[in-house]
Amino acid sequence: MAALWSRKREPAADEALIRSLYEEHGRALLAYATRLTGDRAAAEDVVQETLVRAWRHPDALVNGKGSVRGWLLTVARNIVTDRIRARAARPQEVAESPATPPVQRDHADSVVDSVVVLEALDRLSPDHRDVLMEIYFRGRSVTEAAEALGVPPGTVKSRSHYALRALRETFVGQQVALKGVAG
C-alpha cells in the first residue's frame, strides 16, 4: 500500500488508494463510527468523510508517526466530535404544533395595522366610533352595547353598519392613493 501513496496524484492511484483503505479498514472504521454515533447512516457519512480526508492528505498516512488505522480512527472521532459540537452550537429545532405555536418574529406589520385602524377610527363621528369600540374592542353584543351607550339596539345596528361602511371607504381610498404613489 505504501507504493500507492508515494506516486504522483493520478485519478487511478487516488481511486486505488481509497479502495484499498476501505477494503482494509472500512469495516473497523464503520463499526467504530457506529458505536460513536449510535446511527448507522450517520456512521456511513463519517466513514465517507474520513476517506475523503485520507484522499486529501495521503502524506499523513505514511509519515511514520503511527498506524494508518489509528490515523483513520482519530479522524473519524474528530469528525463525530465536530458534528456534536456543531449541533450543540445551534438552537434546537422545534416542530410547530398546537402546543408550540410559531414565533412571531416581527410585529411591525401589526403595529402599522393598529395605527392605520386608529387613524381611521378618529375620522368617524363619535357615535359611530363608540358603537364600534363597544362591539369590536370590548366584545359586547348589540344588546349590551345598546345598554352601555343608552340607545336602542336598532340604533346600535344602524350605527355599526354605517361606521363599517365608512371605514371600508377610508381603506379603499387609501389603497387607491397608495397605488397612485407606487404606480
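Q: What does Thr 170 touch, not counting residues up to four places away in sequence?
A: Ala 120 and Arg 123. Touching, or contact, means heavy atoms within 4.5 Å. This is a predicted model, where local features need pLDDT of at least 70 and side-chain atom pairs count only at pLDDT 80 or more, while totals for chains, interfaces and linings use all residues. Residues are numbered from 1 along each chain as its sequence is written, and side-chain values use heavy atoms, with hydrogens and water left out.

Q: Why does Thr 170 count as buried?
A: Buried means under 20% relative accessible area (exposed is over 50%, partly exposed in between, with a 1.4 Å probe and protein chains only). Thr 170 comes in at 17%, so buried it is.

Q: What makes the link from Thr 170 to Ala 166 a polar contact?
A: The Thr 170 side chain gets to the backbone oxygen of Ala 166 at 2.9 Å. A polar contact needs a pair of N or O atoms within 3.5 Å; within protein, one must be able to donate a hydrogen and the other to accept it, and residues adjacent in sequence count only if both atoms are side-chain atoms. So the 2.9 Å pair makes the cut.

Q: Is Leu 72 buried or exposed, and how do you know?
A: Buried, because its relative accessibility is just 1%. Leu 72 sits in helix H4 (residues 68–89), and leaving aside neighbours within four places in sequence, its contacts are Leu 21, His 25, Leu 29, Thr 50 and Ala 54.

Q: Why is H5 called oblique to H6?
A: H5 (residues 108–122) and H6 (residues 126–137) pack at about 140°, with axes 10 Å apart. Under 35 degrees is roughly parallel, over 145 roughly antiparallel, 65 to 115 roughly perpendicular and the rest oblique, so H5 is oblique to H6.

Q: What makes up the contact of H5 with H6, by class?
A: There are 5 nonpolar, no polar and 2 charged residues. Nonpolar covers Ala, Val, Leu, Ile, Met, Phe, Trp, Tyr, Cys and Pro; charged covers Asp, Glu, Lys and Arg; the others, Gly among them, are polar. On the H5 side are Val 117, Leu 121 and Asp 122, meeting Arg 129, Leu 132, Met 133 and Phe 137 in H6.

Q: Where in the chain is confidence lowest?
A: In helix H1 (residues 2–6), with a mean pLDDT of 47, on a scale from 0 to 100 for the predictor's confidence in each residue. Where pLDDT is low, the predicted coordinates should not be read in detail. The chain as a whole averages 83.

Terms used
Axes fitted to C-alpha atoms, helices over the stretch in contact; angles between N-to-C directions. Helix = DSSP H or I, 4+ residues; strand = E, 2+ residues; numbered from the N terminus.
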